[in-house]
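Work through the exercises below with the model open beside you. Try each task before you read its solution.

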Amino acid sequence: MTVANETSGRSSESALAVDVRDASLIYNPVEAPVHALANIDLAVRPGEFVSLIGPSGCGKTTLLRVIADLEHITSGSVLVNGVSPHDARLSRAYGYVFQAPALFPWRTVLANVTLPLQIQGKSKADAKRIAMEHLERVGLKGFEGKYPWQLSGGMQQRVSIARALSFEPKILMMDEPFGALDEITRDRLNEQLQQLWQRERRTVVFVTHSIAEAVYLSTKIVVMSPRPGRIVKVIDSPLPDERHLGLRDTPAFMELAHEVREALADGHH
Amino acid sequence: MKYARHWQMATTKTLTQRAMHDWLPVVVVLMAVVLAWYVAAWGLNAPGAIERVLDEEAGYTQMELFEATMTMERPLMPAPHQVAMDFYESLTEWPVDSPRNLIYHVIVTGQSTLLGFCLGTALGLFLSVLIVHSRTLDKALLPWIVASQTVPVLAIAPIVLVVLGSLGFSGTAPKAFIAMYLCFFPVTVAMVQGLRSPQKIETEMMHTYAASRWQSLWLLRLPAALPFLFPALRVGVAAGLVGAMVAELPTGAQAGLGARLLTGSYYGQTVQIWSALVMSALLGLALTGIVAGVERLVLRSRGGV
């Protein structure tokens with residue numbers, strides 16, 4: 001292993017799920033340049049749960065969108081599973097959960113979850129079987145025949161998570177998925193997401209502006225700061241992988257939350 | 001038992017209430033229209049009746065004048081019951097394949113309207129897909145499409161009929177062409193808007209699934225555009241009917257509701273004109289009703305959206 005690493009430096013890099021090096025994104029470079037991202041370095045190992053946290057305008061969503069091939073960097077390099085974001089997208093390496101559920105109102109819950117499978121050319125029967133499995137995993141068995149407007153906001157977002165996971169992508173990207181939900185629903189979904197990650201250990205890149213959410217869910221917390229959008233601190237969580245909501249009242253949790261808060265405050269100076 | 005009866009009474013009450021609610025406005029408006037029609041017939045026909053029917057020297061009562069205005073052979077404005085009688089006789093006293101039966105003309109006009117409507121809808125869908133997918137075509141086609149509608153159909157129709165006639169197309173085809181000419185426009189405009197209605201988040205989601213353009217069109221853009229399509233279809237089918245009738249005017253007027261209108265005005269048969277008018281209005285209502293029915297079925301099959 002070590003020999004291989006030394007002889008070909010790329011092999012250890014390509015083992016990374018996400019590898020961002022010196023990436024910058026400048027909007028409007030000629031007239032009024034806006035440094036959305038400045039010299040970002042980020043490495044995400046397979047199986048990690050990484051949260052990007054920071055105030056609005058710090059570029060956390062932009063960074064996620066760059067990794068998902070929804071935005072393009074102006075300099076630097078980004079590799080997803082060892083290939084460019086474009087190729088990773090074409091090989092369906094990641095599932096993306098947006099801030100809003102973005103369910104198609106003319107499709108039932110089941111048909112919404114089968115959508116990506118249908119696009120990938122899976123047979124109807126296979127798509128249905130797989131989608132039902134995923135709906136059960138997010139606790140929505142029995143709701144497959146309903147239409148999106150018949151569900152609550154939290155249930156809709158769970159459908160969208162089931163949809164993102166339906167084709168078993170290696171990486172799950174989530175852009176403030178619970179931002180629009182009330183705190184009680186949010187806590188419950190955080191717990192379910194944590195359990196989902198426990199079972200599958202899928203790589204997750206998670207954007208949030210909630211310290212509690214980031215600390216509770218993540219194995220690694222990336223603190224970002226605006227103008228220009230940059231990473232001010234990367235904190236590896238000392239918390240155990242096995243977590244429950246009660247953990248949030250423990251000293252270890254509070255200490256970590258404090259550290260994140262300090263880093264956020266530092267970023268503002 | 002007591003409760004059951006109570007409940008039954010409550011439902012019958014609400015049913016009659018519902019009928020009142022649904023039909024009363026329609027009936028009231030209908031009665032107002034018929035009343036206004038009678039008043040207009042009386043007023044407009046009076047001078048003609050005095051001149052042609054009544055003996056001015058011998059004198060006449062107002063009642064006689066009223067009766068005369070209601071029963072004239074070729075009134076300026078036929079009374080509703082005259083139109084109704086003509087309508088009824090045309091439907092009952094002549095076989096369906098006779099030019100004296102309005103149903104015959106409905107079939108002729110309806111055929112070209114429906115054919116033109118289908119062609120126009122297909123053309124509208126095709127154009128809107130092209131426009132939405134190509135910026136160049138958007139700029140190149142849209143001004144021509146708008147300009148095409150500023151040219152009066154009445155001017156276009158004879159040209160089209162002559163050109164198509166010289167190519168060997170006569171009968172339904174040229175009329176369907178004019179109907180298509182009027183149909184495709186509302187469909188194109190509505191579908192361009194509808195196909196562009198998906199939000200950024202939805203198109204980006206399809207992008208993350210690496211969906212092809214065709215898949216995005218078929219799975220996202222078209223279903224999202226359906227609520228825009230149906231109102232355009234209702235407008236389109238009515239416009240197509242006007243187009244088909246206008247196209248019947250310059251052909252020498254052999255068959256169709258438009259031809260019926262024209263022969264009526266040639267021979268001063270005002271009652272015939274009016275019953276043809278009423279029939280074309282009924283045909284228009286029926287066609288838009290069919291489109292609305294299809295709309296309801298389609299939207300219900302996808303959860304009412």
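The exercises cover a sheet, two domains, a chain contact and a nonpolar core.

This is a predicted model: local features need pLDDT of at least 70, side-chain atom pairs count only at pLDDT 80 or more, and totals for chains, interfaces and linings use all residues. Residues are numbered from 1 along each chain as its sequence is written, while chains are lettered from A and ligands numbered from 1 in the order in which they are written.

**Exercise 1. Lay out the open sheet of chain A.**

Step 1. Find the strands, which are DSSP runs of E with at least two residues, numbered from the N terminus. Strands pair if DSSP finds at least two bridges between them.

Step 2. Write down the order. The three strands run β2-β1-β4 in chain A, with antiparallel pairing.

Step 3. Mark the edges. β2 (34-44) and β4 (75-80) of chain A each pair on one side only.

Step 4. Check one pair. β1 (residues 18-27) of chain A joins β2(A) through seven bridges, in the antiparallel sense. In this pairing A:V18 stands opposite A:V44 of β2(A).

**Exercise 2. Divide chain A into domains and describe their contact.**

Step 1. Take the bounds from an automatic or database domain assignment. Domain 1 of chain A is 7-93 + 171-267, and domain 2 is 104-168.

Step 2. Place them. Their C-alpha centres lie 26 Å apart.

Step 3. List the contact, which requires C-beta atoms, placed from the backbone, within 7 Å. Domain 1 of chain A gives ten residues and domain 2 of chain A gives eleven.

Step 4. Name the main contributor on the domain 1 side. Helix α8 (residues 183-200) of chain A gives the most, with four residues; helices are DSSP runs of H or I with at least four residues.

**Exercise 3. Describe the side of chain A that touches chain B.**

Step 1. Count. 16 residues of chain A are in contact with 15 residues of chain B.

Step 2. Assign elements. α4 (85-90) and α5 (109-119) of chain A each supply at least two residues of this side. The largest share, three residues, comes from α5(A).

**Exercise 4. Place A:I67 in the largest nonpolar core.**

Step 1. Define the core: buried Ala, Val, Leu, Ile, Met, Phe, Trp, Tyr and Cys residues joined through C-beta atoms within 7 Å. Buried means 20 or more other C-beta atoms within 10 Å of the residue's own.

Step 2. Find the hubs. The core has 129 residues, and A:I67 is one of those that touch the most other members.

Step 3. List partners of A:I67, leaving aside neighbours within four places in sequence. Among them are A:V18, A:V78 and A:M173.

Terms used
Contact = placed C-beta atoms within 7 Å. Buried ≥ 20, exposed ≤ 12 C-beta atoms within 10 Å, placed from the backbone.
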